[in-house]
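This report goes through the pockets of one structure, then its metal site and a helix that takes part in both. Please look at the sequence and the model below before reading on.

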Amino acid sequence: MSVRPILLYPDPALKAKTARVDPASPEVAAIVQDMLDTLKASPGVALAAPQIGHLMQLIVVDVSRKKGEQGHGLVVLLNPHILQQDGPRVIREGCLSVPDYTGNVLRYERILVQGLSPDGLPVTLAASGFEALAFQHELDHLDGMLFLDRIASLSTDLFRRKR
Ligand code: NI
């Protein structure tokens with residue numbers, strides 16, 4: 001277990017497709033632990049495996065790392081997908097792999113996400129607000145997509161972070 005470097009745009013791993021994983025694999029368990037260690041050492045609330053260079057369908061989300069947010073606390077999902085989404089809205093978001101910018105993207109206020117726990121058990125979670133946004137963002141990483149790929153206009157919807 002260790003803190004891994006977070007890959008930054010335009011690293012090709014962030015554009016790649018990912019493979020489904022077998023929860024019984026010891027390699028998967030080790031990568032999940034690295035993701036948890038890396039998330040803990042970061043200023044973020046969520047991480048997807050491609051961000052540490054593994055082209056696998058693994059995400060970790062913990063919106064309780066942000067003040068005022070609770071959600072489901074720490075969630076680890078293998079092979080996740082979105083079952084339902086509703087309440088479209090445009091919202092500003094950022095990414096650990098794109099540290100200098102934020103952008104306005106279309107997301108959904110409420111989602112139902114399904115995947116497997118690290119033990120291989122099926123999990124279905126209803127998420128809303130900031131947590132729903134975090135799941136949608138991480139699932140995009142598993143499709144090789146960044147928020148940069150979703151912004152409508154580079155001139156009006158991309159913002160340089162203040163230092
Ligand atoms: Ni991201």
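The lining of the largest pocket has 9 nonpolar, 6 polar and 6 charged residues. This pocket belongs to a predicted model, and its space comes to about 520 Å³. Among the 21 residues that line the largest pocket, G44, V45, G94, C95 and F130 are the closest to its centre. Strand β3, strand β4 (residues 98-116) and helix α2 each contribute at least two residues to this lining. The most comes from α2, which gives 6 residues.

The second largest pocket has a volume of about 260 Å³. Its lining consists of 14 residues, and I82, Q136, L139, D140 and R150 lie nearest its centre. By class, these lining residues divide into 6 nonpolar, 4 polar and 4 charged. Here too β3, β4 and α2 each supply at least two residues, and α2 has the largest share of the lining, with 4 residues.

The table sets out the lining of each pocket by class.

| Pocket | Nonpolar | Polar | Charged |
|---|---|---|---|
| Largest pocket | 9 residues | 6 residues | 6 residues |
| Second largest pocket | 6 residues | 4 residues | 4 residues |

Which residues coordinate the nickel ion? They are C95 through SG, H137 through NE2 and H141 through NE2, at 2.1 to 2.2 Å. Along the sequence, these donor residues follow the spacing C-x41-H-x3-H. Distant parts of the chain are linked by the pair C95 and H137: C95 is in strand β3 (residues 74-95), H137 is in helix α2 (residues 129-142), and the two are 42 residues apart. Are C95 and H137 buried or exposed? Both C95 and H137 are buried. C95 also has a place in the largest pocket, as one of the residues closest to the centre of that pocket.

Helix α2 thus appears in the linings of the largest pocket and of the second largest pocket, and holds the nickel donor H137. Of the 14 residues of α2, 13 are buried, leaving the helix mostly covered. Its length can be checked against an expected value: at 1.5 Å a residue, 14 residues should span 20 Å, and the end C-alpha atoms of α2 are 21 Å apart, so the two agree. Just after α2 comes G144, which takes a positive phi of about 70°.

Technical notes
Residues numbered from 1 in each chain as written. Predicted model: local features only at pLDDT ≥ 70, side-chain atom pairs only at ≥ 80, totals over all residues. Heavy atoms only, no water. Donors = N, O, S within 2.8 Å, 3.2 Å for Na, K, Ca; no water. Buried < 20%, exposed > 50% of the residue type's maximum accessible area, 1.4 Å probe, protein only. Expected span 1.5 Å × (residues − 1). 1 Å grid on protein atoms, 1.4 Å probe; cavity = no way out; pocket = protein on both sides within 12 Å on 5 of 7 lines; lining within 4 Å. Points joined across faces, edges and corners; volume = space filled by probe spheres on them. Nonpolar A, V, L, I, M, F, W, Y, C, P; charged D, E, K, R; others polar.
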